[in-house]
Amino acid sequence: QQNAMITGGVTATSVTYYTSLADAEAMINAIDTPSAYVNTSNPQTIYARAVNTASNCESTMVVDFEIFVQPLPYTDLSNEGGQICVDEITGEALDPFTIDGTVEDPQIGVNYSYAWTLDGALISLDPVVTVDAAGTYQVLVTATYVDGTECDYLAEAVYTAESAPVFEAIVLEPSFNSSGLYTVEVINITGVDPTSEYEFALDDGPFQSSTTFTNVTPGTHTIFGRLASGNCSISEFEIGIIDYPRFFTPNADGFHDTWNIIGL
């Protein structure tokens, strides 16, 4: 970056850099790859001589300049990212939260600016951003030092979505079967994450990994679905089974006194 200043823009001239005045004067131990050089002290003085590319002769004058290295505006998002719960129908986040990209160990007199993006689209210029959708959240932190130097640091957190299942249920036997008990099966199970595992419960019963419920009585029932991990919300589907009581006892004792079709 110093080439043009040292050569004055003269064509057919390159620059050789050294880490000590003695080396520069003796024209030995030149820095092999200036563009990849890493300083060994801060600040550090670098010495240079102009070189005629045709004759390969170096200038007799040695010039020098200092390298000042400023700290990157580091922010740690390594503990962020993961899965967020969304509504199984709308895809909206159920419990939005914030993540803080404020620079760690800020320097006095340094101005810091922030630019948050979600999947490449700018969403905030504040240090803190609200996570309300799945995607890749990136924050570009820019530190502007008193000498005008700008240093950037990019950090990101990736969130994927998971949800309760969307599903249906069917009764495998026709109404009015001989036993009066039925088998209910959960079908057409989908979710925002195709790899998710789900479990289901019938009415107040326990959740199970099986999608089949046996010995279900006639009437209206609610089937509940959730992630097998127990995270996020619970979805539900209502199903009705039509049948009739196998007996009734109209003796006014409050039990089975009337007879009617169940589930209509």
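## A buried residue in strand 13

At a relative accessibility of 16%, L202 falls under the 20% limit and therefore counts as buried in this model, which is a predicted one. L202 belongs to strand 13, and its C-alpha atom lies 9.2 Å from that of G225, although 23 residues separate L202 and G225 along the sequence.

G225 also takes part in the pairing of this region, since in strand 15 the bridge partner of F200 is G225. The two strands concerned, strand 13 and strand 15, are joined in the antiparallel sense over five bridges.

## The sheet 13-15-16

Strand 13 is part of an open sheet of three strands, whose order is 13-15-16 and whose pairing is antiparallel. The edges of this sheet are formed by strand 13, residues 198-202, and by strand 16, residues 235-241, each of which pairs on one side only. On average, and with direction ignored, neighbouring strands of this sheet are turned by 25° against each other.

Strand 15, which covers residues 219-227, pairs with strand 16 in the antiparallel sense over seven bridges. Two of the residue pairs can be named: G219 has I241 in strand 16 as its bridge partner, and T220 stands opposite G240, likewise in strand 16.

## The sheet 1-2-3

Another open sheet of three strands has the order 1-2-3, again with antiparallel pairing. Strand 1, residues 13-18, and strand 3 stand at its edges with a single partner strand each, so one side of each of these strands is left without a neighbour in the sheet. Here the average turn between neighbouring strands, with direction ignored, is 35°.

Strand 2, residues 44-52, runs antiparallel to strand 1 and is joined to it by six bridges. Along this pairing, V15 stands opposite A50 in strand 2, while Y18 stands opposite Y47 in strand 2. Strand 2 also pairs with strand 3, in the antiparallel sense and over five bridges, and the bridge partner of Q44 in strand 3 is I67. Strand 2 is mostly covered, with seven of its nine residues buried. In a regular strand, side chains point alternately to one face of the sheet and to the other.

## The largest pocket

The largest pocket holds about 640 Å³ of space. Its lining comprises 16 residues, and those closest to the centre of the pocket are Q1, Q2, P34, F65 and I67. I67 is thus a point of contact between two descriptions, being the bridge partner of Q44 in strand 3 and also one of the residues closest to the centre of the largest pocket.

Strand 3, residues 63-67, gives the most to the lining of the largest pocket, to which it contributes three residues. When the lining is divided by class, ten residues are nonpolar, five are polar and one is charged.

## The second largest pocket

The second largest pocket has a volume of about 230 Å³. It is lined by 16 residues, of which Y244, P245, R246, F247 and I262 lie nearest its centre. By class, the lining of this second largest pocket divides into eight nonpolar, six polar and two charged residues.

## The protein as a whole

The protein has 264 residues, of which 29% are buried, and its secondary structure comes to two helices and 16 strands. The radius of gyration is 36 Å, whereas a compact globule of 264 residues would have a value near 18 Å. Taken along the principal axes, the box filled by the C-alpha atoms of the protein is roughly 120 × 40 × 25 Å.

Methods. Residues numbered from 1 in each chain as written. Predicted model: local features only at pLDDT ≥ 70, side-chain atom pairs only at ≥ 80, totals over all residues. Heavy atoms only, no water. Pairing = 2+ DSSP bridges. Helix = DSSP H or I, 4+ residues; strand = E, 2+ residues; numbered from the N terminus. Axes fitted to C-alpha atoms, helices over the stretch in contact; angles between N-to-C directions. 1 Å grid on protein atoms, 1.4 Å probe; cavity = no way out; pocket = protein on both sides within 12 Å on 5 of 7 lines; lining within 4 Å. Points joined across faces, edges and corners; volume = space filled by probe spheres on them. Nonpolar A, V, L, I, M, F, W, Y, C, P; charged D, E, K, R; others polar. Rg over C-alpha atoms; globule rule 2.2 N^0.38 Å. Buried < 20%, exposed > 50% of the residue type's maximum accessible area, 1.4 Å probe, protein only.
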